[in-house]
Amino acid sequence: MRGTDQTGRVRLRLTARGAVAMLLVLTLLGQIFSPGPVFVVGCVAAALLVQPRDLLPLVVTPPLVFFATAAFVEFFRSLRAASMLQALGLGLFTSLSSAAPWLFAGSAIVLAIAWWRGLPQNVRELRQDLATRAEVPRPRQGEEPAFDPEPEGYFEPRVYGEARD
């Protein structure tokens with residue numbers, strides 16, 4: 001989505017889906033060259049380009065995007081191995097543990113930029129929306145119940161025959 005600011009410059013704003021897709025593509029390309037720094041650059045770009053109303057969905061996705069791309073790349077790398085499951089597990093462990101500082105840095109940067117761009121307002125709006133949806137309607141007064149009550153003794157066991165001495 002494009003818009004213009006006060007100076008007449010065109011500015012690009014992505015939806016949450018667009019920002020996550022951009023982060024996914026950049027991170028996937030980064031898995032080939034240098035996973036950590038490219039992921040952080042993608043996180044910064046996504047946080048700066050997303051529309052302010054879509055900050056909340058964007059903030060929670062970077063770890064999932066990084067894991068998905070790492071799993072995708074390691075799956076294809078493990079296809080050549082003698083033991084695919086062992087190679088996949090070891091490859092995932094290695095790639096995720098070696099890139100953990102970058103993953104934490106990218107997630108923290110997205111959170112900081114989103115906070116600066118208005119994330120608290122998004123959280124307030126979500127809470128208000130959930131509070132209005134959670135209001136339970138009161139029962140109607142003065143009307144008959146919508147169901148028939150159970151007959152008495154319905155759940156009581158029946159006793160057949162007489163008790164023995």
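**Surface, fold and Thr-69**

User: How much area does the chain expose, and what share of it do carbon and sulfur atoms supply?
Analyst: This is a predicted model, where local features need pLDDT of at least 70, side-chain atom pairs need 80 or more, and totals for chains, interfaces and linings use all residues. Numbering starts from 1 along each chain as its sequence is written, and side-chain values use heavy atoms, with hydrogens and water left out. With accessible areas from the Shrake-Rupley method (1.4 Å probe), the chain exposes about 12,600 Å², and the carbon and sulfur share is 63%.

User: In what order do the elements run from the N terminus?
Analyst: Going by DSSP runs (helices H or I, at least four residues; strands E, at least two), there are seven helices and two strands. From the N terminus on, the order is β-β-α-α-α-α-α-α-α.

User: Is Thr-69 buried or exposed?
Analyst: Thr-69 sits in helix H4, residues 62-78. Buried means under 20% relative accessible area, exposed over 50%, and partly exposed in between (1.4 Å probe, protein chains only). At a relative accessible area of 1%, Thr-69 is therefore buried.

User: How does Phe-76 come out, buried or exposed?
Analyst: Phe-76 is in helix H4 too. Its relative accessible area is 44%, so Phe-76 counts as partly exposed.

User: Which side chain makes a polar contact with the side chain of Thr-69?
Analyst: Beyond four places in sequence, Thr-69 is in contact (heavy atoms within 4.5 Å) with Leu-24, Thr-27, Leu-28 and Gln-31. A polar contact here pairs N or O atoms within 3.5 Å, one able to donate a hydrogen and the other to accept it. At 3.5 Å, the partner is Gln-31.
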